[in-house]
Amino acid sequence: MKLAIPKERMADEPRVAASPDTVKKLIALGFDVAVEAGAGAGAHISDAAFTEAGASIASSSADALKDADVVFGVRGLDDEQLGSVKKGAVLAAILNPYGDKARVQKYADAGIIAIAMEFMPRITRAQSMDVLSSQSNLAGYKSVLDAAAEFSRAMPMMMTAAGTIAPARVFVFGAGVAGLQAIATAKRLGAIVSATDVRRAAGEQIESLGGTFIMVESDDEDGETAAGYAKEMSEDYKRRQAELVSEHIKKQDIVITTALIPGRAAPVLITEDMVKSMKPGSIIVDLAVEQGGNCPLSKAGEIVEVHGVKIIGHRNMAGRLSVDASALYARNLLNFISPQIDEESKTLKLDWEDETVTGTALTRDGAIIHPALTGENA
């Protein structure tokens, strides 16, 4: 069996889908691993390190992908790369199925089995395969560091002979994996932290990390899906949430937004009027900027200053910690493929009754098969 690791071609993508550690384990599973030259450069992994782990180095993407049975990527394949992949191969990557449906069709037309790792079901057995959790954890941490770097004041309370410096106030939208890590990181830096989420269950998690839970009171509306994700709320809820947040945000120094709804544009949570109400020198970090942003004033890939407030819109926040992000992502992929290998024959046998396969597979036998894309679960 051949497993290919191509170099990422998307701009602002320094991560790589393998590490020397996972290469060794993939080889032990029975794979011949081919890594495109320079694939690990963005994560500070040299070709020599991959060679020492047992991989072969391919001089081009086409050479790496030729005859591969499995392809591990971070962001999927472009048209040129796809032309080098044989029919029936398995591609596992973060494929953005909702945002790039045309490419999903190309995967189907190429006859490959496309696995969207971000669709991994939230079941106990799949926790070690959950790329959203591993990458969001780092993104939440890095968002606070980026905010602190741009903030013109100190984060913790400081008592000096010249007087006392008040601690910064940090407000986090969304208490998913990224939000909880942002809360924990801001708290460790000494800030006064508050957070909001549409899911009632998030309150205990926020408070366990030392944050104050801010939530709209609702007797019958909870914003959690059966899968544990946030769902879109009613217009009445949104209106009341906006009123609550509008008053709270005026007192905050740093606001971090992490709110995303699978398959939809990011909800607008911070309006221009709210930005105007914030103190000069305040910071907003919009982690949803690549899906439209939780603040309409944020710009993907830029730090902008509007009404005296700096709005940070870095793309690929997890990728800004490329070494750790790559290591964790590579383990997610390894943990996904390992149960699909027959130990005796050392061959790949996808189990089409396994939730980790059926929940992530977008294409098979030339067709798009995932219910989220075919409309079967609408």
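Val 172 has its bridge partner in strand 12, namely Ile 256. Keep in mind as you look at this contact that the model is predicted. The pairing around it joins strand 9 (residues 169–173) to strand 12 in the parallel sense, over four bridges. Strand 12 also pairs with strand 13 (residues 283–286), again parallel and over four bridges. Within that second pairing, Val 255 stands opposite Ile 284 in strand 13. To get from strand 12 to strand 13, the chain passes through helix 10 (residues 272–277), and this β-α-β crossover is right-handed.

Now turn to the side chains of strand 12. In a regular strand, side chains alternate between the two faces of the sheet. Strand 12 (residues 254–257) has both of its faces covered. Ile 254 and Ile 256 are buried on one side, while Val 255 and Thr 257 are buried on the other. So the two bridge positions you have just met can be revisited with this in mind: Ile 256, the partner of Val 172, and Val 255, which stands opposite Ile 284, belong to opposite sides of strand 12.

Let us move to another sheet. Here six strands form an open arrangement in the order 3-2-1-4-5-6, with parallel pairing. Strand 3 (56–58) and strand 6 (113–116) are the edge strands, and each pairs on one side only. On average, neighbouring strands of this sheet are turned by 25 degrees against each other, direction ignored. At the strand 3 edge, three bridges join that strand to strand 2 (residues 32–36), and the two run parallel. One place to look is Val 35, whose bridge partner in strand 3 is Ile 57.

Following the chain on from strand 2, you come to the loop that leads to helix 2 (47–53), and His 44 lies in it. Its phi is near 60 degrees, a positive value in a residue other than glycine. Is His 44 buried or exposed? With a relative accessibility of 68%, His 44 counts as exposed. Another histidine invites a look as well: His 307 has phi near 55 degrees, also positive in a residue other than glycine. This residue lies in the loop between strand 14 (303–306) and strand 15 (309–312). His 307 has a relative accessible area of 39%, and is therefore partly exposed.

Finally, consider the aromatic rings. A pair of them is described by the distance of the centres and the angle of the planes. The count comes to two aromatic pairs. In one of them, the ring centres of Tyr 98 and Phe 119 are 5.5 Å apart and the planes stand at 55 degrees, so this pair is tilted. It links distant parts of the chain, 21 residues apart: Tyr 98 is in the loop between strand 5 (90–93) and helix 5 (101–109), and Phe 119 is in the loop between strand 6 and helix 6 (131–150). Tyr 98 is partly exposed at 33% relative accessibility, whereas Phe 119 is buried, with a relative accessible area of 16%. The other pair is formed by Phe 171 and Phe 173, with centres 4.8 Å apart and planes at 55 degrees, so it too is tilted. Both Phe 171 and Phe 173 are buried.

One more ring deserves a visit. Arg 364 lies over the face of Trp 352, at 3.9 Å from the ring centre.

Key:
Residues are numbered from 1 along each chain as its sequence is written. This is a predicted model: local features need pLDDT of at least 70, side-chain atom pairs count only at pLDDT 80 or more; totals for chains, interfaces and linings use all residues. Side-chain values use heavy atoms; hydrogens and water are left out. Two strands pair if DSSP finds at least two bridges between them. Axes are lines fitted to C-alpha atoms, for helices over the stretch in contact, and angles run from 0 to 180 degrees between N-to-C directions. Buried means under 20% relative accessible area, exposed over 50%, partly exposed in between (1.4 Å probe, protein chains only). A crossover is right-handed if, with the strands pointing away from the viewer, the path from the first strand over the helix to the second runs clockwise. Rings of Phe, Tyr and Trp (its six-membered ring) pair if their centres lie within 6.5 Å; planes under 30 degrees apart count as stacked, over 60 as edge-to-face and the rest as tilted. A charge sits over a ring if NZ of Lys or CZ of Arg is within 6 Å of the ring centre and within 35 degrees of the ring normal.
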